Amino acid sequence: MRLGAFRKTLSLLFQKDSIYRRTMAQSSSSTGKKLIQIDVVSDCVCPFCFMGKRNLDKAIAESKDQFDFEIKWRPYFLDPSAPKEGVNKKEHYERKFGSRVQGMFARMTEMFRNIGLEFDTSGLTGNTLDSHRLIYFAGKQGLDKQHNLVEEFFLGYFTQGKYIGDREFLLESARKVGVEGAAEFLENPNNGVKEVNEELEKYSANISGVPNYTVGEKFHSFNLNVWIDKTMSSID
């Protein structure tokens with residue numbers, strides 16, 4: 001892949017709505033390709049996180065001939081006090097954002113149509129802890145399963161009016177991507193809570209918004225063009 005094409009591809013990922021702290025640590029995967037490891041801090045009720053995922057997926061698809069990717073999803077709570085029982089999604093946003101909400105919905109509708117989806121404001125919104133517990137659990141069975149589960153959560157919540165705290169929706173999503181033992185895992189309300197809290201402390205304590213991407217460990221400051229130039233020159 002030429003430098004210009006690679007820069008264009010990664011630019012889809014590194015948009016102004018995202019926050020970055022570090023860049024890639026280069027290592028080789030079992031295929032002999034350079035391995036890019038990315039930690040994504042996200043919440044399942046964040047529309048920009050969904051857009052970020054779709055851009056990330058596109059970047060990966062266009063770069064997979066030269067790179068392998070290891071993606072891990074980390075938790076964030078946009079609203080830590082959100083009720084577990086759920087509240088009307090549209091009314092909640094109207095209360096939270098007031099007169100700005102119609103403009104926000106129009107922007108979301110346009111964003112979603114640009115990727116071939118219809119933005120749905122129906123249904124409930126609320127606490128996302130159980131979704132993060134299940135994302136953690138899926139990751140123990142494979143990062144592909146975790147990545148696909150996140151996609152199902154986003155699709156359900158933003159395009160199908162599903163409630164992110166609904167047990168049946170969570171389990172249905174887990175079944176679709178092949179996560180085993182999800183019902184038993186969620187049955188115990190303590191399962192995964194410690195791990196989610198540990199990841200919150202490690203990955204979310206010092207950020208103020210999502211999506212947030214940590215790409216490897218090699219550098220401690222980030223400039224996209226500088227990083228790409230260094231990366232491509234080292235490969236060439």
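## A tour of the pockets and a cis peptide bond

Begin with the largest pocket of this predicted model, which has a volume of about 610 Å³. To find the centre of the largest pocket, select Val 45, Pro 47, Leu 78, Tyr 93 and Phe 97, which are the closest to that centre among the 33 residues that line the pocket.

Next, colour helix H2 (47-63), helix H3 (89-97), helix H4 (101-113) and helix H6 (143-159), since each of these helices supplies at least two residues of the lining of the largest pocket. Which element gives the most to this lining? Select H3, which contributes five residues and so holds that place. If you then colour the lining of the largest pocket by residue class, you will find 19 nonpolar, seven polar and seven charged residues.

Move on to the second largest pocket, where about 190 Å³ of space lies. Its lining can be shown by selecting Leu 35, Asp 57, Ile 60, Phe 69, Glu 70, Ile 71, Leu 143, Asp 144 and His 147. Two or more of the lining residues of this second pocket come from each of H2, strand S4 (67-75) and H6. By class, the lining of the second largest pocket is made up of five nonpolar, one polar and three charged residues.

For the last stop, leave the pockets and select Pro 211, which lies in the loop between helix H9 (193-204) and strand S7 (212-215). Is the peptide bond from Val 210 to Pro 211 cis or trans? With omega near 5 degrees, the bond joining Val 210 to Pro 211 is cis.

How values were computed: Residues numbered from 1 in each chain as written. Predicted model: local features only at pLDDT ≥ 70, side-chain atom pairs only at ≥ 80, totals over all residues. Heavy atoms only, no water. 1 Å grid on protein atoms, 1.4 Å probe; cavity = no way out; pocket = protein on both sides within 12 Å on 5 of 7 lines; lining within 4 Å. Points joined across faces, edges and corners; volume = space filled by probe spheres on them. Helix = DSSP H or I, 4+ residues; strand = E, 2+ residues; numbered from the N terminus. Nonpolar A, V, L, I, M, F, W, Y, C, P; charged D, E, K, R; others polar.
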